[in-house]
Amino acid sequence: MTERLFLTTIAACASLTVPAKDILVNTPNTSLLLKAEGGQPLHISYYGERIDDINQVYAAYSLWEPAYPAFAGGGSNSYALSVKHADGNMSTELIYLEDKQTTEANSTLYIISMKDKAYDLLVDVCYRAYNNSDVIETWTEIHNQEKKPVTLLKYASGFLPLRRGNAWVSHQHGTWGAEAYIYEEPLQNGMFEVCESNGARNAFSSRANIMISLDGKPRENEGRVVGAVLCWSGPYRFSIDTPDQSEHHLTVGINEANSAYTLKKGESFTTPPLALSYSTEGMGGVSRSYHRWARLNNKVHNGTATRKILLNSWEGVYLNVSQDGMEKMMDGIRDLGGELFVMDDGWFGNKYRRTRDNCALGDWVTDTLKLPHGIPALEKAATERGLKWGIWIEPEMTNTQSELYETHPDWVICHPNRTPVTGRGGTQLILDMSNPKVQDFVFDVVDRLMKETPNTYYMKWDANFDIANFGSHHLTADNQSHLYVDYHRGLTKTLERIRAKYPDLVLQCCASGGGRVNYGLMPFFDEFWVSDNTDAQQRLFIQWGTSMFFPSCAMAQHVSASPNHQTGRVIPLKFRFDVAMTGRLGMEMKPEDLTEKELAYAKNAVATYKEIRPIIQQGNQYRILSPYDKTGYASELYITDDKSEAVFFAYKFEHYLNQARPRFLFAGLNPDATYRLTELCRNGNADHWEGHTFTGKFLMQQGVEIALNGLFASKVIRLTKQ
Ligand code: DGJ
C-alpha cells in the first residue's frame with residue numbers, strides 16, 4: 001500500500017487515532033504556533049516574537065483560525081484553496097492526518113498532511129523555518145487521488161491571520177523608470193489587495209511583497225512588522241481581508257484569475273513559497289531578515305560572492321555597437337579600475353539586423369557588419385585588458401521581423417484565431433515557455449554563446465514584453481488556462497538547466513529595468529537591473545523601495561551621463577557615485593566623455609568602493625532618513641555582522657532656503673564601541689568630526705552635524721571600530 005493510500009484509509013478514523021499536538025515553528029527570534037488535532041482542521045494560533053512557553057499563547061486566548069482554509073470548508077470566510085472535485089462538488093473540508101519534521105542544513109522543514117473529509121484530495125501544508133535568518137517559508141502540495149480530474153480554482157501558497165490593531169500596510173507600485181515606490185495606508189474594514197496579471201514581468205507595476213506594521217504608521221527602526229514575499233515570477237495576489245473587529249486575514253499566492261488548473265488523477269501541484277518575516281525592529285528589521293535569508297540561502301544566486309564593478313554599453317552607445325566602440329569603452333573602465341565589461345543590445349541579427357529595436361530578437365547570430373571578428377574577439381579584447389566579459393540577451397522574445405518568427409510562428413504566445421498585439425518597436429512578441437521546444441531553444445541561446453565564448457563571465461538576461469496575447473499553440477484546448485503557470489514553470493525549468501551546467505556564470509535579471517525583481521527568479525540570478533532610470537535623484541527613491549526586500553549585493557546601480565538620458569537632470573558626478581555605491585556599483589556611459597578632473601574623481605571612487613564593498617554587499621542595512629519623508633534629505637548605513645566596520649551615506653537632493661536641517665543620527669551601531677569617522681571620496685573641506693572618535697551610543701543618540709550645502713550634496717563616511 002502506498003503511503004498516500006494508507007493515509008487515505010486511516011483518514012476516516014483520524015479523529016480517534018491522532019492526538020492533538022502543538023507544532024512550534026521557530027526561527028532565532030520568531031515563532032509560529034500551530035495546533036494539529038485528528039479530524040480537525042489544522043489551526044494557527046500565533047505568529048510573532050519567539051515564544052518558548054506556548055501555554056502563554058493559549059492562556060491569553062489568541063488567534064484560532066484554520067492554517068490553510070478551504071472554500072466552503074467551515075470556519076473562515078477567507079479561503080486559500082478552492083477546488084472543484086471530480087463529481088462537481090465545490091466544497092473542501094480539510095482535516096489533519098499526520099506531520100513530520102526534517103532537519104536541513106540551515107532550516108527545519110515541517111510537513112503537515114491533511115485530507116478532505118470525504119474526498120481523496122490530500123494537501124500537505126509545508127513550513128520551512130530558517131536558523132540563519134528570521135524567515136519562515138510556507139507553501140502547499142496538493143495531490144489529486146480522486147478517480148477523475150479535479151480543478152483548482154484558487155491555490156494560494158499561504159494564509160496568516162493577524163490580531164487587529166492600528167495596522168498599516170506598506171506596498172509598492174511603479175511603472176517603467178519609476179519602480180518600487182512605497183505606498184502606505186491603514187488597514188480598515190474590507191478587502192485590501194495587491195495583485196498583478198501582466199504575465200511575464202510581475203514586478204513592473206506592483207511588487208510581490210508587502211509589510212504590515214502592527215503598531216501604527218510604519219517606522220523604519222521601531223515597531224512590530226510582518227513581511228510577506230511571494231517567491232514566484234508570474235501573476236500573484238495578496239489579499240488582506242478585515243472582516244470583523246478582531247482580525248486581518250492575509251492570503252497570498254498565484255493570481256488565480258484566468259488560471260484554473262486541472263490536475264489529472266495522480267497529479268500534484270506545488271504552490272510557490274510565501275516567505276514570512278516578523279521583527280520588532282520596524283521595517284528595517286524585516287528588510288534585514290530578508291536580505292540575510294536571500295544572501296545565505298541562495299535566494300539570490302551566489303548571494304555571498306563579491307560582485308564586480310562593470311561598465312555596461314547601453315547608455316553609452318545604445319544599439320550602435322562596434323568592435324572599436326566596445327574597445328574604447330573597455331579602455332575607459334579598465335583605466336578607472338573596473339573589472340568587467342558588458343556589451344548590451346545591438347550585437348545580433350543576420351537577415352534582419354538589430355540596428356533598430358524592432359527586429360531580430362531570436363536570431364542570436366553575430367551581426368558581422370557591426371562586429372566582423374565576432375564575439376570571441378571581444379572577449380579576447382576584454383581579457384587582454386584584464387577585464388571579464390559579459391553580453392546581453394533577451395532569449396524569451398522575438399520580433400515579427402525575425403528569422404525565428406518566420407520559421408516558428410507557432411512558438412509565440414497568441415491564440416491561433418487572434419492577430420497578435422505587438423510590443424516594443426511595434427513588432428515584439430513573447431515565446432511560449434510552456435512549450436518544451438521553446439525551453440530547449442532558450443537553453444541553447446545561453447549554451448551556444450557559452451560554447452562559442454567559454455570565458456563569458458556574465459550575461460544580462462532581458463525581457464521587454466508581457467503576455468499580452470493569451471493563448472498557447474502548445475497547450476491543449478482544455479488546458480489553455482494553465483498558460484500563466486506553465487510559462488513560469490517552463491522558464492524555471494530552463495533556468496535550472498542553465499544553472500546545472502553553468503553554476504558560476506553571473507546572470508543579471510532585467511526586464512525593461514526592474515520589471516522582474518522577484519524571489520521566484522532571483523535564486524537563478526546574481527543581480528537585477530534596478531531601473532532603466534539612472535537619474536541619481538530618482539534612484540534614491542527607487543533603490544530605497546527596492547531595498548525594502550532585496551539585498552544590496554543584488555542591486556545593479558550604475559553611474560550614467562549628465563544631463564541624465566531619462567530625465568535631463570544635471571547632477572554632479574560625486575552625487576551620482578555616492579548614490580550608485582549602495583549596491584553593486586557599475587557605469588553606464590562612455591568614460592571618454594568625462595573630463596580629466598571627473599576621471600580622476602571616478603578612479604578614486606572605484607578604488608574606494610573596492611575597499612568598502614564587503615561592508616555594503618554583505619553588511620546589514622539601516623535605512624534612516626527616508627527620501628519619502630519630504631525633507632529633501634536621505635541617509636542610510638551598512639554595517640558588518642560584528643559591528644566593527646560601517647559606511648554611512650547622507651544625501652541632500654532638494655534645495656530651498658527655509659529648509660530645516662535634519663539631525664544626522666546613526667543606527668545599528670554597537671552602543672558601547674568607539675568608532676572613528678573618516679569621510680570617503682571627499683571633494684571639499686573636512687567636517688568637524690573628521691578623524692574623531694565617538695561611542696556608538698553618542699552617534700545613535702546625538703549624531704553629528706554634516707555639512708551638505710546646496711543641491712545634490714552628499715557624503716560617504718566610514719566608521720571604524722577602535
Ligand atoms: C531594456 C533594459 O532595461 C536596458 O537596460 C537595455 O538593456 C535595453 N532593454 C536594451 O534593449
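Where in the chain is the place of A72? In this predicted model, A72 sits in the loop between β4 (65-66) and β5 (81-84). That residue deserves a look at its backbone: A72 has a positive phi of about 60 degrees, although it is not a glycine.

From there, let us move on to the ligand. It is surrounded by 13 residues, and the closest are D344, D345, K460, D462 and D532. If you like to check polar contacts by distance, begin with D345, where an N or O atom of the side chain is 2.6 Å from an oxygen atom of the ligand. Two tryptophans can be inspected next. W392 places a polar side-chain atom 3.1 Å from an oxygen atom of the ligand, and for W529 the corresponding distance from a polar side-chain atom to a ligand oxygen atom is 3.3 Å.

Now turn to the helices, beginning with α9 (residues 436-452) and α10 (residues 483-501). Their axes are 9 Å apart and the packing angle is about 25 degrees. Angles under 35 degrees count as roughly parallel, and α9 and α10 are therefore roughly parallel to each other. Their crossing is right-handed. On the α9 side, the contact is made by Q439, D440, V442, F443, V446, D447 and K451, while α10 brings G490, K493, T494, R497, I498 and K501. Sorted by class, the residues in this contact of α9 with α10 are 4 nonpolar, 3 polar and 6 charged.

A second helix pair is found further along the chain. How far apart are the axes of α11 and α12? Helix α11 (residues 536-546) and helix α12 (residues 573-580) have axes 9 Å apart, and they pack at an angle of about 15 degrees. This pair, α11 and α12, is therefore also roughly parallel. The crossing of α11 and α12 is left-handed, whereas that of α9 and α10 is right-handed. In α11, the residues A536, Q537, R539, L540 and Q543 meet F575, R576 and V579 in α12. The contact of α11 with α12 comprises 4 nonpolar, 2 polar and 2 charged residues.

To finish, follow the chain back from α12 into the loop that joins β29 (555-560) to this helix, where P563 lies. Which form does the peptide bond from S562 to P563 take, cis or trans? The bond is cis, with omega near 0 degrees. For a second backbone detail in a loop, you can return to A72 and its positive phi, between β4 and β5.

How values were computed. Residues are numbered from 1 along each chain as its sequence is written. This is a predicted model: local features need pLDDT of at least 70, side-chain atom pairs count only at pLDDT 80 or more; totals for chains, interfaces and linings use all residues. Side-chain values use heavy atoms; hydrogens and water are left out. Axes are lines fitted to C-alpha atoms, for helices over the stretch in contact, and angles run from 0 to 180 degrees between N-to-C directions. Helices (H or I, at least four residues) and strands (E, at least two) are DSSP runs, numbered from the N terminus. Angles under 35 degrees count as roughly parallel, over 145 as roughly antiparallel, 65 to 115 as roughly perpendicular and the rest as oblique. A crossing is left-handed if the near helix is turned anticlockwise from the far one by less than a right angle, and right-handed if clockwise. Contact means heavy atoms within 4.5 Å. Ala, Val, Leu, Ile, Met, Phe, Trp, Tyr, Cys and Pro count as nonpolar, Asp, Glu, Lys and Arg as charged, and the others, Gly among them, as polar. A residue is near a molecule or strand if one of its heavy atoms lies within 4 Å of it. A polar contact is a pair of N or O atoms within 3.5 Å; within protein, one must be able to donate a hydrogen and the other to accept it, and residues adjacent in sequence count only if both atoms are side-chain atoms.
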